[in-house]
Amino acid sequence: MKFKIVLSTLVLSLFFLVSFAPAVKNDLNYLQDPTIQDIINSYKNNISLWPKPVIDKGVEWKEFSSIKRDTAYFTTHAQPEVILGKMLFFDPKLSGSNQISCSSCHDPEMGWTDRRKVSLGNNHLEGTRNTQSLFNIAERTSFFWDGRALTLEDQANGPLSAFHEMDMDVTKLPEKLKQYKGYLKLFKDAFGDEKITNTRINHALAVFQKSIKSQPSRFDRFIDGDYKSLTDQEIYGMHLFRTKARCMNCHNGTYLTDESFHNIGLTYYKRKYEDLGRYEFTKKADDVGKFKTPSLRDLLNTRPWMHNGFFDDLDGLINLYNSGMHMIDPTPEEKAKDPLYPYTDPLLQPLNLTQEEKTALKSFLESMNGTKYKMDRPKFPTE
């Protein structure tokens with residue numbers, strides 16, 4: 001009887017070891033001092049078996065997931081609403097001067113940005129913030145650096161009417177477009193009749209912009225099981241991104257953004273380049289200096305970076321984050337005197353990355369660049 005019990009126990013133990021060996025093998029906790037190669041090997045498995053990221057308490061996050069190639073691209077761009085939206089997007093007739101279009105700042109050959117620190121619009125007037133890319137814009141939950149628009153339709157009115165952007169009196173835009181038979185036909189194809197309204201203009205623009213998507217990168221292929229698509233250095237950089245570098249507290253999920261707002265220490269409060277960020281919209285003291293977390297998809301196509309466009313070098317940017325970013329936090333006395341004086345987000349901390357680690361992190365960030373296509377500009381209605 002005792003022999004049977006012992007034998008049964010041995011059988012169950014063997015079953016446990018065989019069944020759970022992969023999970024045990026990929027858990028770095030079973031190694032007292034894992035080497036860099038051990039860490040790299042732990043990622044060459046299904047993402048469900050990867051080491052868990054280092055996430056601060058209270059932070060809501062999502063695991064990485066890959067994007068897929070847009071197999072419906074040509075079908076989508078054959079739809080009448082998208083055809084109309086594309087025409088409107090590229091047509092300078094939507095501006096007061098007939099010289100500026102949406103594509104002046106969102107150029108498809110420049111990652112749907114303009115590669116400038118800040119936008120340049122009507123009469124060559126400069127804006128105050130960096131042009132955000134339109135890659136994967138359909139997945140955003142709010143728009144502008146301060147999140148003041150909740151839909152793309154609402155967002156459209158901003159640049160159309162801004163005096164330093166397109167400077168168009170939007171109340172006169174429908175009548176302006178009605179002068180062109182080509183637009184009457186395009187609106188009829190899209191909406192069933194020739195009526196042109198601001199609501200329809202904004203809707204068509206939004207539908208077109210939602211068709212702008214990143215193409216899969218080597219990072220996506222790795223997630224999907226092609227473990228040779230990233231170098232060992234890039235894989236180690238991804239591990240650092242998820243752990244020591246603390247990036248995943250804000251840049252997570254499919255599009256590497258938490259869709260939230262943070263003060264990362266670049267408010268320049270009461271200095272030359274001051275920008276109060278989300279506070280300008282909400283008027284809440286806690287929002288001073290907060291800006292929307294940008295997606296890291298195709299980041300090499302969307303430089304320069306940050307709300308002010310001050311940074312176009314990844315090495316410099318990584319060094320800045322490595323410092324912890326707490327450059328202008330107020331003293332208790334300053335905060336008591338000025339309730340608006342902003343604190344840098346506590347998620348930002350000194351990282352103490354070595355040069356080897358910074359190089360690996362940079363290589364991983366570069367691996368997320370996948371989009372290469374250019375979009376042809378349409379011929380606009382002229383009569």
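A residue counts as buried when its relative accessible area is under 20%, as exposed when it is over 50%, and as partly exposed in between. With that in hand, Arg148 is partly exposed, because its relative accessible area is 40%. Please keep in mind that this is a predicted model.

## Overall layout

The protein chain has 383 residues, 49% of which count as buried. Its C-alpha trace spans about 95 × 60 × 35 Å along the principal axes, and the chain holds 15 helices and 2 strands. Among contacts with a separation of 6 or more, 68% come from residues 24 or more positions apart.

## Two domains and their interface

The chain is divided into domain 1 (37-66 + 219-367) and domain 2 (72-211). How far apart are the C-alpha centres of the two domains? They lie 30 Å apart. At the interface, 22 residues of domain 1 are in contact with 22 residues of domain 2. About 1,800 Å² is buried between the domains, with carbon and sulfur atoms giving 52% of that area. Which three residues supply more than any others of the area that domain 1 buries against domain 2? They are Tyr255, Glu259 and Lys292, which together supply 27%.

Polar and charged groups take part here as well. Between the domains there are 8 residue pairs in polar contact and 2 salt bridges. On the side of domain 1 that touches domain 2, the residues divide into 8 nonpolar, 7 polar and 7 charged. Glu259 also appears in a salt bridge with Arg140, at 2.4 Å from N to O.

## Helix α4 and the loop after it

Helix α4 covers residues 80-90, and 8 of its 11 residues are buried. The buried set consists of Val82, Leu84, Gly85, Lys86, Met87, Leu88, Phe89 and Phe90. Their cover includes α3 (73-76), α5 (102-105), α7 (173-177), α8 (181-191) and α9 (198-209).

Next comes Asp91, in the loop between α4 and α5. Is Asp91 buried or exposed? Asp91 is buried, because its relative accessible area is 0%, where the cut-off is under 20%. A polar atom of the Asp91 side chain lies 2.9 Å from the backbone nitrogen of Lys93. Leaving aside residues up to four places away in sequence, Asp91 touches Ile100, Ser101, Tyr183, Phe380 and Pro381.

## Salt bridges

Side chains of opposite charge can pair when their charged atoms come close. The whole structure has 22 salt bridges, including these:

| Pair | Closest N to O distance |
|---|---|
| Asp107 and Arg377 | 3.5 Å |
| Asp146 and Arg148 | 3.0 Å |
| Asp315 and Lys362 | 2.8 Å |

Asp315 lies in helix α13 (residues 314-323) and Lys362 in helix α15, so this pair ties together parts that are 47 residues apart in sequence. Asp315 is partly exposed at 35% relative accessibility, and Lys362 is also partly exposed, at 22%.

What does the pair of Asp107 and Arg377 tie together? Asp107 is in the loop between α5 and α6 (152-161), while Arg377 is in the segment after α15 (355-366), so the pair links parts 270 residues apart in sequence. Asp107 counts as buried because its relative accessibility is 15%, whereas Arg377, at 45%, counts as partly exposed.

Asp146, the partner of Arg148, is buried with a relative accessible area of 4%. Both residues belong to a network of salt bridges that links Arg129, Asp146, Arg148 and Asp275.

Methods
Residues numbered from 1 in each chain as written. Predicted model: local features only at pLDDT ≥ 70, side-chain atom pairs only at ≥ 80, totals over all residues. Heavy atoms only, no water. Domains from an automatic or database assignment. Contact = heavy atoms within 4.5 Å. Buried area = accessible area lost by both parts, 1.4 Å probe. Salt bridge = Lys/Arg side-chain N within 4 Å of Asp/Glu carboxyl O. Polar contact = N/O pair within 3.5 Å; in protein donor to acceptor, adjacent residues only side chain to side chain. Nonpolar A, V, L, I, M, F, W, Y, C, P; charged D, E, K, R; others polar. Helix = DSSP H or I, 4+ residues; strand = E, 2+ residues; numbered from the N terminus. Buried < 20%, exposed > 50% of the residue type's maximum accessible area, 1.4 Å probe, protein only.
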